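Reader: I would like to learn how to read the helices in a model of this kind, going slowly from one feature to the next. Could we begin with the place where a helix stops?

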Amino acid sequence: ELSAVHLQVAAKRQILTRLLNNLRGIYRRNGDEARELDALARLAILNPDDERVTDAVATLRRREEGGN
């Protein structure tokens, strides 16, 4: 059942974050690391204090450089 919490207005930053996370998931499932990294870079701009995002960016960059 829907409540008032489910119908709250979302901030633009929240909408963009959700969109980019959804895209990131699609890119990850498809093995498209370049696009996943692009989505993560944009997430890092929107959420600079989110350690999960910065850690994921660092991991993908190391993988791209062949450092696993």
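Author: This is a predicted model, and a useful habit is to look at the backbone angles just past a helix: here helix 1 is followed by Gly31, whose phi is positive, near 75°. Just after helix 3, Gly66 likewise takes a positive phi, of about 85°.

Reader: How many residues does helix 1 have, and how far does it reach from its first C-alpha to its last?

Author: The expected span of a helix is 1.5 Å times one less than its number of residues. Helix 1 has 18 residues and reaches 26 Å, close to the 26 Å expected.

Reader: Which residues of helix 1 are buried, and what do they pack against?

Author: Buried means under 20% relative accessible area, and in helix 1 this applies to Thr17, Leu20, Arg24 and Tyr27. Seen down the axis, these buried residues fall within an arc of 90°, so they line one face of helix 1. They pack against helix 2 and helix 3, whereas the face turned away from the buried side carries the exposed residues Arg18 and Arg29.

Reader: Which residues of helix 3 are buried?

Author: They are Val53, Ala56, Val57 and Leu60, and because they cover an arc of only 100° around the axis, they lie on the same side of helix 3. What covers them includes helix 1 and helix 2.

Reader: Which residue caps the N-terminal end of helix 3?

Author: For a cap, one looks for a side chain that approaches the backbone at the helix end. Asp50 does this for helix 3, with a side-chain oxygen 3.0 Å from the backbone nitrogen of Arg52.

Methods. Residues are numbered from 1 along each chain as its sequence is written. This is a predicted model: local features need pLDDT of at least 70, side-chain atom pairs count only at pLDDT 80 or more; totals for chains, interfaces and linings use all residues. Side-chain values use heavy atoms; hydrogens and water are left out. Buried means under 20% relative accessible area, exposed over 50%, partly exposed in between (1.4 Å probe, protein chains only). Helices (H or I, at least four residues) and strands (E, at least two) are DSSP runs, numbered from the N terminus. The arc is that of the directions from the helix axis to the C-beta atoms. Contact means heavy atoms within 4.5 Å. A polar contact is a pair of N or O atoms within 3.5 Å; within protein, one must be able to donate a hydrogen and the other to accept it, and residues adjacent in sequence count only if both atoms are side-chain atoms.
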